[in-house]
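Could you walk me through this protein fold, one question at a time? I'm new to it, so plain words are welcome.

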Amino acid sequence: MGGEIHPSVAKALGLLGLGRTRVVPLPVDAQGRMLAEKIPPISGPTIVCVQAGNVNTGAIDPIAEICRLAHAAGAWVHVDGAFGLWAAAAPSRAHLVAGLADADSWATDAHKWLNVPYDSGLAFVRDPHALQAAMAITAEYLPTQSEFRNPSDFTPELSRRARGVDVWAALHSLGRSGIAQLIEANCAQARRFAEKLAAAGCTILNDVVLNQVLVSFGDAARTTRVIAAIQTDGTCWAGVTVWQGRTALRLSVSSWRTTEADVDLSVAAIIRAAQSVA
Ligand SMILES: Cc1ncc(COP(=O)(O)O)c(C=O)c1O
């Protein structure tokens with residue numbers, strides 16, 4: 001996996017019994033994208049964990065190239081697309097996830113860009129038999145044969161609430177065009193943030209390709225003070241992060257209710273906060 005993968009992937013590997021440290025972290029570029037050419041020779045059972053949507057920069061690994069290299073060596077390619085998978089739904093962003101269909105499994109979160117309640121994680125596995133072999137259990141008291149798909153054959157839990165209802169309702173009400181519009185709008189709003197803040201003299205640390213914007217207000221101490229002032233002001237909320245050694249404001253635009261006017265009000269609040277801090 002790339003050196004900038006989300007730490008929850010290591011936790012997932014631990015929960016699977018593979019161990020949190022049984023990974024080969026690969027070098028990444030300035031946006032946090034795995035360098036496909038640095039994938040070492042693969043031998044034996046291997047999972048290559050790809051990231052679509054870095055939590056800081058929004059960057060997406062070169063999925064097509066990684067799938068080509070990994071599949072040539074018989075490896076499984078998993079895509080953590082908690083945010084980035086949704087780029088596939090937006091015509092102007094879909095090129096970022098080219099090759100996605102070649103992967104063996106995807107994970108994404110409906111509680112992120114689809115705006116449904118926590119905890120609506122989704123897993124997609126190309127080979128349903130592999131998933132069923134890993135997840136299905138039997139017991140004398142449980143029905144075994146059914147003409148219907150047995151949901152618990154495909155999930156870690158045997159019993160769970162019907163999270164799928166909220167997801168279905170959101171997908172159904174938005175439709176393809178509604179989802180495309182949601183993703184397009186948030187990405188355009190992120191670019192609007194970046195352009196206006198850059199014009200006001202703030203430093204944007206990332207290429208704004210998705211919905212993430214990293215903003216520096218100088219050194220770590222000053223940036224931290226500006227972020228505290230933004231949070232106290234309360235017009236918008238964004239937190240602090242450290243990106244490749246630089247402390248930054250992490251703007252993440254992901255609500256269906258956010259408008260351009262909200263962005264402009266937020267930009268004005270951020271500039272006010274920056275001006276109020278020495
Ligand atoms: C790329 C990525 N993977 C995984 C996660 C973890 O998702 P969750 O909080 O739903 O477990 C996040 C959360 O921000 C993420 O951005």
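Here is a short run of questions and answers on the sheets, helices and a few single residues.

Q: Before we start, what kind of model is this, and how are residues numbered?
A: Residues are numbered from 1 along each chain as its sequence is written, and side-chain values use heavy atoms, with hydrogens and water left out. Local features need pLDDT of at least 70, side-chain atom pairs count only at pLDDT 80 or more, and totals for chains, interfaces and linings use all residues, since this is a predicted model.

Q: What is the strand order in the open sheet with mixed pairing?
A: Helices (H or I, at least four residues) and strands (E, at least two) are DSSP runs, numbered from the N terminus. Two strands pair if DSSP finds at least two bridges between them. The open sheet with mixed pairing has 4 strands, and their order is 1-2-3-4.

Q: Which strands stand at the edges of that sheet?
A: An edge strand here has a single partner strand, so one side of it is left without a neighbour in the sheet. That describes strand 1 (47-51) and strand 4.

Q: Which residue in strand 2 is the bridge partner of valine 50?
A: Strand 1 and strand 2 pair in the parallel sense, over 5 bridges. Within strand 2, the partner of valine 50 is valine 79.

Q: How many residues of strand 2 are buried?
A: Buried means under 20% relative accessible area, exposed means over 50%, and partly exposed is in between (1.4 Å probe, protein chains only). Strand 2 is mostly covered, and the number of buried residues is 4 of its 5.

Q: Which residue in strand 4 is the bridge partner of serine 105?
A: Strand 2 (residues 76-80) and strand 3 (residues 105-109) are parallel, with 3 bridges, and histidine 78 stands opposite serine 105 in strand 3. Strand 3 also runs antiparallel to strand 4 (residues 121-125), joined by 5 bridges. In strand 4, the partner of serine 105 is valine 125.

Q: Which strands are at the edges of the sheet with the order 5-6-8-7?
A: This open sheet has 4 strands with antiparallel pairing. An edge strand pairs on one side only, and here those are strand 5 (203-204) and strand 7 (239-243).

Q: Which residue in strand 8 stands opposite valine 215?
A: Strand 6 (residues 212-216) and strand 8 (residues 246-252) run antiparallel and are joined by 4 bridges. Opposite valine 215, in strand 8, stands leucine 249.

Q: At about what angle does helix 4 run to strand 6?
A: Axes are lines fitted to C-alpha atoms, for helices over the stretch in contact, and angles run from 0 to 180 degrees between N-to-C directions. Helix 4 lies across strand 5, strand 6 and strand 8. Its angle to strand 6 is about 20 degrees.

Q: Why are helix 5 and helix 6 called oblique to each other?
A: Angles under 35 degrees count as roughly parallel, over 145 as roughly antiparallel, 65 to 115 as roughly perpendicular, and the rest as oblique. The axes of helix 5 (residues 220-233) and helix 6 (residues 260-276) come within 8 Å and cross at roughly 130 degrees. Helix 5 and helix 6 are therefore oblique.

Q: Which residues in helix 5 meet helix 6?
A: Contact means heavy atoms within 4.5 Å. On the helix 6 side, the residues are Ala269, Ile270, Arg272, Ala273, Ala274 and Ser276. On the helix 5 side, they are Arg222, Val226, Ala229, Ile230 and Asp233.

Q: How many disulfides does the count come to?
A: A disulfide is a pair of cysteine sulfur atoms within 2.5 Å. By this rule the count is 0.

Q: Which cysteine sulfur is nearest to that of cysteine 49?
A: Cysteine 49 is buried, at 7% relative accessibility. Cysteine 49 is in no disulfide, and the nearest cysteine sulfur, 12 Å away, is that of cysteine 67.

Q: Is serine 152 buried or exposed?
A: Serine 152 is in the loop between helix 3 (128-135) and helix 4 (163-199). Not counting residues up to four places away in sequence, serine 152 touches Met135, Glu157 and Leu158. With a relative accessible area of 14%, serine 152 is buried.
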